[in-house]
Amino acid sequence: MKTFVKIIDLMKKINIVIGDPINHSLSPLIHNEWYRMLGISDEYTFHKQQVKPQNLKSFLLAKKYNGLAITIPHKQSSIEHMDNTSEISKVVGSINTVTFRNGKLFGDNTDWYGTFKPLYDLDIDFRGKKLALIGAGGAARGMYFACLLLGFNITIFNRTITKAQEVVSDISSNLQGENKLFYEVQKILKIMNIDDFSLNKDLITTANTKVLALSEIDKKDDYDVIINSTSIGMQASDKSLIPETIISKDQIIFDAVYGAHRTKLQAQSEKVGLTFINGLSMLIYQATLQFYLHTERLVLEHQIEKVFEKIRRR
């Protein structure tokens with residue numbers, strides 16, 4: 001898939017989302033709508049482009065754009081091509097945002113914020129609550145970090161246990177003595193107008209994280225929150241990874257998948273009547289931070305809600 005950029009857009013700062021596949025991406029709609037709302041659409045434009053894994057390095061190093069959003073399958077593989085990265089990206093081990101600073105590639109991660117914000121908005125003290133995280137890919141790393149900040153006791157389920165163990169090990173080793181990391185988190189929360197969250201770095205630890213094979217997820221453990229960080233559900237034919245036997249109406253289920261169809265996991269959640277957060281919330285809230293990193297401008301709550309409404313009407 002080629003990116004078709006209008007001649008008039010060549011006069012603007014071009015931001016672009018890359019991935020493989022990419023047709024499903026709503027990022028151009030979201031960002032371009034906010035450009036319009038903030039009156040900066042004559043300065044910025046946002047496109048999408050399919051980039052195959054074998055072409056990733058050459059695409060990144062071409063540095064033809066003002067900023068990038070990065071999605072599956074490039075979140076981990078892109079980090080090695082950066083000139084520098086944020087402290088959060090170093091800890092998480094994946095990036096989904098790139099900005100060009102003085103000709104240099106700077107990698108960042110906003111997935112964690114896309115997870116943090118919808119859960120934070122529920123106004124629940126999650127410290128000590130049990131959470132099941134399904135998956136151990138690039139998105140899972142940011143989601144896991146957000147859940148550590150919120151104080152959950154986490155169990156990661158993955159088909160390949162060693163990959164899940166690697167996520168925990170990587171983040172655990174990078175958390176040690178990282179004062180700059182917590183300063184960066186606090187700075188971002190302040191920028192995003194979250195002033196009342198108590199961040200206690202001494203309580204943020206991977207020590208309470210367990211790793212189990214995905215085949216063991218049917219062993220009921222009364223999870224307060226279940227998160228699907230995988231892309232399973234993106235296709236309408238995909239089955240849910242979460243058995244109905246471990247789902248109850250008192251839970252919160254967070255599905256990173258978004259699309260035009262209702263996922264099987266969403267249908268399961270609605271059947272039980274529990275609190276369900278879909279991938280659209282994660283996508284839009286991570287985009288608010290990504291938008292700031294690309295433009296140094298904030299979108300307001302009513303502008304966020306208007307984008308939600310526009311997408312729901314599609």
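Colleague: Before we get to the sheet, when do two strands pair?

Modeller: Two strands pair if DSSP finds at least two bridges between them. Keep in mind that this is a predicted model.

Colleague: OK. So how many strands form the sheet, and in what order?

Modeller: There are 6 strands in an open sheet, ordered E2-E1-E3-E5-E6-E4, and the pairing is mixed.

Colleague: Which strands stand at the edges?

Modeller: E2 and E4 (84–85) do. Each has a single partner strand, so one side of each is left without a neighbour in the sheet.

Colleague: Let's walk across it. In what sense do E1 and E2 pair, and over how many bridges?

Modeller: E1 and E2 (residues 44–50) pair in the parallel sense, over 7 bridges. Asn15, for instance, has Phe46 in E2 as its bridge partner.

Colleague: And what do E1, H1 and E2 make?

Modeller: A right-handed β-α-β unit. H1 lies across E1 and E2, and runs at about 175 degrees to E2.

Colleague: Which strands does H9 touch?

Modeller: H9 packs on the sheet and touches E1, E2, E3, E5 and E6. Its direction makes about 10 degrees with that of E5.

Colleague: Back to E1. How many of its residues are buried?

Modeller: 6 of the 7, so to speak a mostly covered strand. E1 (residues 13–19) also pairs with E3, in the parallel sense over 4 bridges. Ile16 stands opposite Leu68 in E3, and Ile18 has Ile70 as its bridge partner there.

Colleague: What about the two faces of E3, covered or open?

Modeller: Both are covered. In a regular strand the side chains alternate between the two faces of the sheet. In E3 (residues 67–70), Gly67 and Ala69 are on one side, Leu68 and Ile70 are on the other, and all of them are buried.

Colleague: In what sense does E3 pair with E5?

Modeller: Antiparallel, over 3 bridges, with E5 covering residues 97–101. Ala69 stands opposite Thr97 in E5.

Colleague: And which residue stands opposite Asn84?

Modeller: Phe106 in E6. E4 and E6 (residues 104–108) pair in the parallel sense over 2 bridges.

Colleague: While we're on Phe106, what sits over its ring?

Modeller: The charged end of Arg101, 3.8 Å from the ring centre.

Colleague: Switching to aromatics. How many aromatic pairs does the structure hold?

Modeller: It holds 12 aromatic pairs. Take Tyr35 and Phe291: their ring centres are 5.5 Å apart and their planes are at 35 degrees, so that pair is tilted.

Colleague: Why does the pair of Tyr35 and Phe291 tie together parts far along the sequence, 256 residues apart?

Modeller: Because Tyr35 lies in helix H1 (residues 27–37) and Phe291 in helix H9 (residues 279–295).

Colleague: Are those two buried or exposed?

Modeller: Tyr35 is buried, and Phe291 is too.

Colleague: Which residues do ring pairs link into a cluster?

Modeller: Trp112, Tyr113, Phe116, Tyr120, Phe145 and Phe197.

Colleague: Last topic, Ser269. Where is its place?

Modeller: Ser269 is in helix H8 (residues 264–272).

Colleague: Why does Ser269 count as buried?

Modeller: Its relative accessible area is 1%, and buried means under 20%.

Colleague: And what is Ser269 in contact with, leaving aside neighbours within four places in sequence?

Modeller: Ile253, Leu274 and Phe276.

How values were computed:
Residues numbered from 1 in each chain as written. Predicted model: local features only at pLDDT ≥ 70, side-chain atom pairs only at ≥ 80, totals over all residues. Heavy atoms only, no water. Buried < 20%, exposed > 50% of the residue type's maximum accessible area, 1.4 Å probe, protein only. Phe/Tyr/Trp six-rings, centres within 6.5 Å; stacked < 30°, edge-to-face > 60°. Lys NZ or Arg CZ within 6 Å of the ring centre and 35° of its normal. Contact = heavy atoms within 4.5 Å. Right-handed = clockwise from strand over helix to strand, strands pointing away. Axes fitted to C-alpha atoms, helices over the stretch in contact; angles between N-to-C directions.
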